[in-house]
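Please look at the sequence and the structure shown below, and keep both in view while you read. The paragraphs that follow go from single residues to helices and then to the two chains together.

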Number of protein chains: 2
Amino acid sequence: MTEQILSRTERAQLAMVLEVCAYPKPGNVDRCHDYEDTWLEHFIASAVFVRPALERAEAGGAGLGALLKEATVLTTRHRGGNTHFGAFLLLFPLVMGGDIPGAVSVCEKTTVQDALDFYEAFSMIHVRMHETDELDVNDPASRDLIRTRGMTLADIMAHSAPHDMVAREWENGFARTRRAADLILGHGPGRRSVVDAFLSLLAEEPDTFIAKKHGEALAAETMMLARDVQKDLLSIEEFDRICLSRGANPGSTADLIIAGIYVALGEGWQWDF
Amino acid sequence: MTEQILSRTERAQLAMVLEVCAYPKPGNVDRCHDYEDTWLEHFIASAVFVRPALERAEAGGAGLGALLKEATVLTTRHRGGNTHFGAFLLLFPLVMGGDIPGAVSVCEKTTVQDALDFYEAFSMIHVRMHETDELDVNDPASRDLIRTRGMTLADIMAHSAPHDMVAREWENGFARTRRAADLILGHGPGRRSVVDAFLSLLAEEPDTFIAKKHGEALAAETMMLARDVQKDLLSIEEFDRICLSRGANPGSTADLIIAGIYVALGEGWQWDF
């Protein structure tokens, strides 16, 4: 009856499930809101389908790039598009390494082959890239560039870090993942902590997924609205409606929350208390 | 991108996920409604946690009773109580046998040991029994009775069949599972078919879970209300509200729907089209 007896794989799957079910979660898919082509069920199916890759990660059976490739193949067996690819960039190092220090060590040890596998994985799906990016996943020249420069997956993440808060975790020792876990643990047992932690992260930093999709200004304004909710100047339901009407979905914040739930579960957080 | 490349285990897990997410589903836990102690997340966690037992069933690695015991241990790692035990009585034979004819054969071959394992599994949780039942799972004398009479798990199900529509499936060749699959396939691709099939099953036969909990009269009345919804005399949302206010949750119908989704997925039904 306790999370302590869950495997790392199960903790990762449960983290994906608890994140997507958390409600109300402004702007994102949740219990009571789908996007037209991406539904609650797609996120849950993705959490179910990825299991063999997570198990291989837990057993130390493959490199990170190969695992991300396997996860991509497994989770594109639904038609909901990109559901968890950002989250996988945090969850797979965490499952391989066990905890944050272990994940940092996994990331540091990535290779050029990991980088090439990562590019192959992400070229299978449509991933939103920074528009000025020279390392476009859809451009075959990117692979040559990686080889020529001898870039590891950690180097790729360093390249993306300025405009991607998930990649930034690789640079800063999973600092926002740690923050998310601390927020969840601080709020105490029960699933409501996920919503509170989500709102806090959103109020602290502009979401880079929104920034890539709609520009820095909307990302900053969304952050300010999250602060208004914290100050009781705006209801979370109204904030949700505003985000949805603008298509402002804080997808990278959701990725950090998933990683944070994984860590919190490992540190004794009781989700269904 | 097609269900054909899902394993039996994954089909079973997806069936559990699609059933619980289907909305509106009168009286039961769904996307927008929890019971106080049993939430959407508990049902999804149960679908995730049961995987090793399903994989063993698919590989033919154990007897049905032992698998039901394993599934019980795995899925009581949440605090939501009984989520899928009825469904497991249909899903495990289906995963072991592949399809309905295979499941029927699995059920016919069960042993006294399967019966004893089943009782052990179900004594771990609170399961609602028929009040006049001499084979009470919480009574140690039941185990002696099984041994003395040499009852197999199929015999136990035959004993329960008159007042339990899940047990009845073992008697009638999974007839209602077949009906559920045909309804889903008939409604065509897309998750809405699950809701329509659920309503149809409910309109055709009184739910035995409601009957055990609240008596035959309320089960029959719930069936009549489902017919009213089909005739457009009552909205499905209002029907849902009535069921919830009475605590009338058609849990056995949900179990049949899960088995029906499993079969439909195996016959090419496209859930996210």
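At a relative accessibility of 62%, B:P162 counts as exposed, where exposed means over 50% relative accessible area, buried means under 20%, and partly exposed is what lies in between, as found with a 1.4 Å probe on protein chains only. This proline is placed in the loop between α9 (153–160) and α10 (165–171) of chain B; helices here are DSSP runs of H or I with at least four residues, strands are runs of E with at least two, and both are numbered from the N terminus. From B:P162 to B:D272 there are 110 residues along the chain, and their C-alpha atoms are separated by 37 Å.

Before going further, it helps to know how to read the names and values: this is a predicted model, in which local features need pLDDT of at least 70 and side-chain atom pairs count only at pLDDT 80 or more, while totals for chains, interfaces and linings use all residues. Residues are numbered from 1 along each chain as its sequence is written, chains are lettered from A and ligands numbered from 1 in the order in which they are written, and side-chain values use heavy atoms, with hydrogens and water left out.

In contrast to the exposed B:P162, B:W271 has a relative accessibility of 0% and therefore counts as buried. B:W271 lies in the segment after α16 (251–266) of chain B, and although 83 residues of sequence separate B:W271 from B:G188, the C-alpha atoms of the two are 8.9 Å apart in space.

Some residues deserve attention for their backbone. Most residues other than glycine have a negative phi, and most peptide bonds are trans. A:D232, however, has a positive phi near 65° without being a glycine; A:D232 sits in the loop between α14 (216–230) and α15 (236–246) of chain A, and with a relative accessible area of 70% it is exposed. B:F174, also not a glycine, has a positive phi of about 60° and belongs to the loop between α10 and α11 (175–187) of chain B, but B:F174 is buried, with a relative accessible area of 1%. As for the peptide bonds, the one that joins A:Y23 and A:P24 is cis, with omega about -5°, and A:P24 is in the loop between α1 (8–21) and α2 (40–49) of chain A. In chain B, a cis peptide bond with omega of about -5° joins B:Y23 and B:P24.

Turn now to the helices, beginning with α1(A), whose 14 residues should span 20 Å at 1.5 Å a residue, which agrees with the 20 Å between its end C-alpha atoms; the expected span is 1.5 Å times one less than the number of residues. Of these 14 residues 13 are buried, so α1(A) is largely enclosed by the rest of the structure. Helix α5 (residues 85–97) of chain B has 13 residues and reaches 18 Å from its first C-alpha to its last, close to the expected 18 Å. There is nevertheless a kink of about 25° at B:L91, shortly before the proline B:P93, where the bend at a residue is the angle between axes fitted to the seven residues ending there and the seven starting there. Because 11 of its 13 residues are buried, α5(B) is largely enclosed by the rest of the structure, and among the buried ones are B:F88, B:L91, B:F92 and B:P93. Just after this helix, B:G98 takes a positive phi of about 95°.

Which residues touch the most other members of the largest nonpolar core? They are A:F92 and B:F92, in a core of 182 residues, a nonpolar core being a set of buried Ala, Val, Leu, Ile, Met, Phe, Trp, Tyr and Cys residues joined through side-chain atoms within 4.5 Å. Leaving aside neighbours within four places in sequence, A:F92 is in contact (heavy atoms within 4.5 Å) with residues including A:V50, A:L54, A:L64 and A:A71.

Finally, consider the two chains together. Chain A can be laid on chain B with an RMSD of 0.0 Å by a turn of 180° and a shift of 0.0 Å along the axis, the superposition being made by least squares on the C-alpha atoms of residues with pLDDT of at least 70 in both copies. The two copies are thus related as by a two-fold rotation axis, and the residue of chain A that comes closest to this axis is A:R31, at 2.7 Å for its C-alpha.
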